[in-house]
There are 2 protein chains.
Amino acid sequence: MADNIGAQLAGKNILVTGGLGFIGSNLAHRLVSLGANVTLVDSMVPAYGGNPFNIHGIEDRVTVNIADVRDEYSMAYLVQGRDYIFNLAGQVSHIDSVEDPYTDLEINVRSQVSILEACRKKNRAVKIVYTSTRQLYGKPDYLPVDEKHLAHPIDTNGINKLAGELYHILYYNVYDIRAASLRLTNTYGPRQLVKHSRQGFIAWFVRQIVEGKEIQLFGGGGQIRDFNHVDDVVDALLLASVSDAANGEIFNLGGEPVSLKSLVELMIEINGGGSYRPVPFPPDKKRIDIGDFYGDFTKITNVLGWKPKTPLRDGMLDTINYYRENLPKYLDTES
Amino acid sequence: MADNIGAQLAGKNILVTGGLGFIGSNLAHRLVSLGANVTLVDSMVPAYGGNPFNIHGIEDRVTVNIADVRDEYSMAYLVQGRDYIFNLAGQVSHIDSVEDPYTDLEINVRSQVSILEACRKKNRAVKIVYTSTRQLYGKPDYLPVDEKHLAHPIDTNGINKLAGELYHILYYNVYDIRAASLRLTNTYGPRQLVKHSRQGFIAWFVRQIVEGKEIQLFGGGGQIRDFNHVDDVVDALLLASVSDAANGEIFNLGGEPVSLKSLVELMIEINGGGSYRPVPFPPDKKRIDIGDFYGDFTKITNVLGWKPKTPLRDGMLDTINYYRENLPKYLDTES
């Protein structure tokens with residue numbers, strides 16, 4: 001990352017929603033190292049990714065504010081006086097979104113409207129970076145999927161994340177509140193939730209590997225995905241924050257396409273042991289299987305100069321090592 | 001319309017949400033003439049389009065149920081036992097959606113989820129036709145706009161209508177609840193709200209003409225739009241309802257492109273008098289001006305055999321005549 005990003009963020013007042021979660025806490029570590037004044041907002045919903053251990057080592061250098069983005073008045077207060085908001089809080093579980101569409105709607109849409117409305121009324125000079133998701137594309141019409149690909153989400157979560165993203169772009173276009181959206185693909189790395197498997201498969205695979213358990217590969221593992229190490233995602237978030245060229249724009253992230261089977265074999269190799277077994281898709285998962293997916297990230301390369309820098313092997317080694325050391329901190333059995 | 005549509009709908013139990021409004025009531029007249037058992041749900045929100053006079057002549061042949069789509073339990077009860085639901089209720093004012101984004105979100109998204117959830121639990125065999133809007137395309141990237149055009153709405157209402165539409169398609173794909181969505185363009189005709197100008201310009205122009213007032217043309221009237229007479233929209237709704245080829249599909253409606261200035265001149269000619277004046281865009285309207293818009297309706301022509309049949313001249317004559325006769329019934333000053 002260019003030095004000038006550090007210079008631009010040093011001393012700035014920064015709010016991170018979802019700040020005790022996976023990506024939010026990795027971002028917090030980086031922001032602290034750059035000398036920013038960081039406030040982390042997290043609701044600590046038990047089933048979600050917030051974990052106090054995620055800020056181990058920086059706990060005295062950040063402000064933690066426990067609050068839910070659905071709490072309209074608290075959020076309206078907390079957005080004031082910030083130079084940047086990294087708006088990462090979300091309901092991210094596909095499965096939970098199907099079982100309880102209203103909660104997903106409240107968090108991923110209504111709360112986004114209230115954060116944006118609060119900025120409109122109290123902090124129009126702020127810059128917001130929003131984390132969206134490749135899930136909103138649904139089953140790809142073509143590969144790699146660029147930002148011109150139609151959004152036809154195949155789950156509630158994808159619809160709501162799309163709406164939340166469009167609200168950010170709208171508030172830039174109509175009210176000049178600078179905002180950018182990154183459509184994240186499968187992100188992995190330290191500090192990800194592993195206490196259950198409802199928030200994605202990579203961290204769950206990592207846990208199985210570290211615990212010496214057999215990995216189940218739905219559909220055999222031939223499906224292709226792309227992966228970003230969280231450090232690369234943090235790079236993209238920072239670039240989007242300081243660049244005016246990002247205002248009002250939507251960017252895919254993305255990485256090298258790899259089959260799930262190859263990913264798991266790489267993990268087993270790195271770990272020096274492990275096993276997997278192909279299993280049929282459960283009917284409910286089959287119904288919403290999207291086949292292969294990988295994104296085209298040419299736009300963010302051209303506009304912001306971002307490329308993923310962490311090779312999958314290095315990133316997986318880093319991740320497996322992290323959970324080897326810290327797994328118990330992530331096994332809270334509350335949910 | 002083909003005779004077989006009448007045969008398929010005769011005797012069927014049909015629910016129309018927004019049934020006392022503009023399109024809902026025109027649909028109701030048609031459904032009654034086809035021999036369907038029609039229940040109309042309307043909330044009679046004062047600023048919206050519901051008007052008891054809209055069912056003048058069929059009031060003894062339909063069931064009217066006053067209820068709001070936000071009323072989850074009532075809706076869950078009302079969807080039961082229906083063969084078809086025409087899901088037309090919505091907050092349709094762009095201006096109101098900007099001033100009160102939460103109400104728009106409640107009506108156009110959350111209520112749609114609860115209607116669909118109710119169908120999933122109580123009436124999975126129903127067929128739903130949803131009315132969406134060309135507004136979700138925002139400012140066109142190209143003309144004519146087909147269904148492959150990206151949705152980048154420039155207002156709250158467009159975002160929420162898009163989400164509501166995507167929910168209908170999702171519930172078909174995941175739960176087999178048959179649903180289709182029509183993206184309506186500018187619809188005009190008898191029974192449209194004219195008591196204020198916040199729900200679109202055509203009906204407002206008609207009122208000015210009938211009242212002998214000068215029409216104000218923002219930006220000079222060079223903007224191109226396409227228009228559908230409500231009878232043609234009713235045709236499309238019925239075709240989508242009885243056709244399995246429509247399940248899970250999204251269709252543009254559309255018509256011949258005409259400039260607003262030409263439209264107004266035609267109206268003045270038909271009326272035998274009237275006047276207009278070009279005025280500059282107010283700044284807030286300029287910001288969200290989409291320039292020219294007209295839709296490509298090839299898909300619905302190919303799949304369902306729909307084409308608009310009412311020439312603009314005939315449709316406008318019909319409309320002006322209707323309001324000449326009935327204007328006082330539409331001038332309730334409550335809002």
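What follows is a short chat about a predicted model with chains A and B.

Reader: Before we start, what kind of model is this, and how are the residues numbered?
Author: This is a predicted model, in which local features need pLDDT of at least 70, side-chain atom pairs count only at pLDDT 80 or more, and totals for chains, interfaces and linings use all residues. Residues are numbered from 1 along each chain as its sequence is written, while chains are lettered from A and ligands numbered from 1 in the order in which they are written.

Reader: ok, how does chain B lie on chain A?
Author: A turn of 180 degrees with a shift of 0.0 Å along the axis lays chain B on chain A, with an RMSD of 0.0 Å. That is the relation of a two-fold axis. The superposition is by least squares on the C-alpha atoms of residues with pLDDT of at least 70 in both copies.

Reader: Which residue of chain B comes closest to the rotation axis?
Author: Leu150(B), whose C-alpha is at 2.9 Å.

Reader: And how many residues does the contact take from each chain?
Author: The contact takes 23 residues from chain B and 23 residues from chain A. Two residues are in contact if their C-beta atoms, placed from the backbone, lie within 7 Å.

Reader: Which helix gives the largest share on the chain B side?
Author: Helix 6 of chain B, with 8 residues. Helices are DSSP runs of H or I with at least four residues, strands are runs of E with at least two, and both are numbered from the N terminus.

Reader: What classes are the residues on that side of chain B?
Author: The side of chain B that touches chain A has 16 nonpolar, 2 polar and 5 charged residues. Ala, Val, Leu, Ile, Met, Phe, Trp, Tyr, Cys and Pro count as nonpolar, Asp, Glu, Lys and Arg as charged, and the others, Gly among them, as polar.

Reader: New topic. What is the strand order of the sheet in chain A?
Author: The order is 3-2-1-4-5-6-10, in an open sheet of 7 strands with parallel pairing. Strand 3 (62-66) and strand 10 (250-252) of chain A are at the edges with a single partner strand each, so one side of each has no neighbour in the sheet. Two strands pair if DSSP finds at least two bridges between them.

Reader: How many bridges join strand 4 and strand 5 of chain A?
Author: There are 4 bridges between strand 4 (residues 84-87) and strand 5 (residues 127-133) of chain A. Phe86(A) has Val129(A) in strand 5 as its bridge partner.

Reader: Which strands does helix 6 of chain A touch?
Author: Helix 6 (residues 156-175) of chain A packs on the sheet and touches strand 5, strand 6 (178-184) and strand 10 of chain A, making about 155 degrees with the direction of strand 6. Axes are lines fitted to C-alpha atoms, for helices over the stretch in contact, and angles run from 0 to 180 degrees between N-to-C directions.

Reader: Where does helix 5 of chain A bend?
Author: At Ser111(A), by about 30 degrees. The bend is the angle between axes fitted to the seven residues ending there and the seven starting there.

Reader: Any odd backbone spots? Where is Pro144(A), say?
Author: Pro144(A) is in the loop between strand 5 and helix 6 of chain A. The peptide bond to Pro144(A) from Leu143(A) is cis, with omega near -10 degrees. Leu143(B) and Pro144(B) are also joined by a cis peptide bond, with omega about -10 degrees.

Reader: And what is the phi of Asp176(A)?
Author: The phi of Asp176(A) is positive, about 65 degrees, although Asp176(A) is not a glycine. Asp176(A) lies in the loop between helix 6 and strand 6 of chain A.
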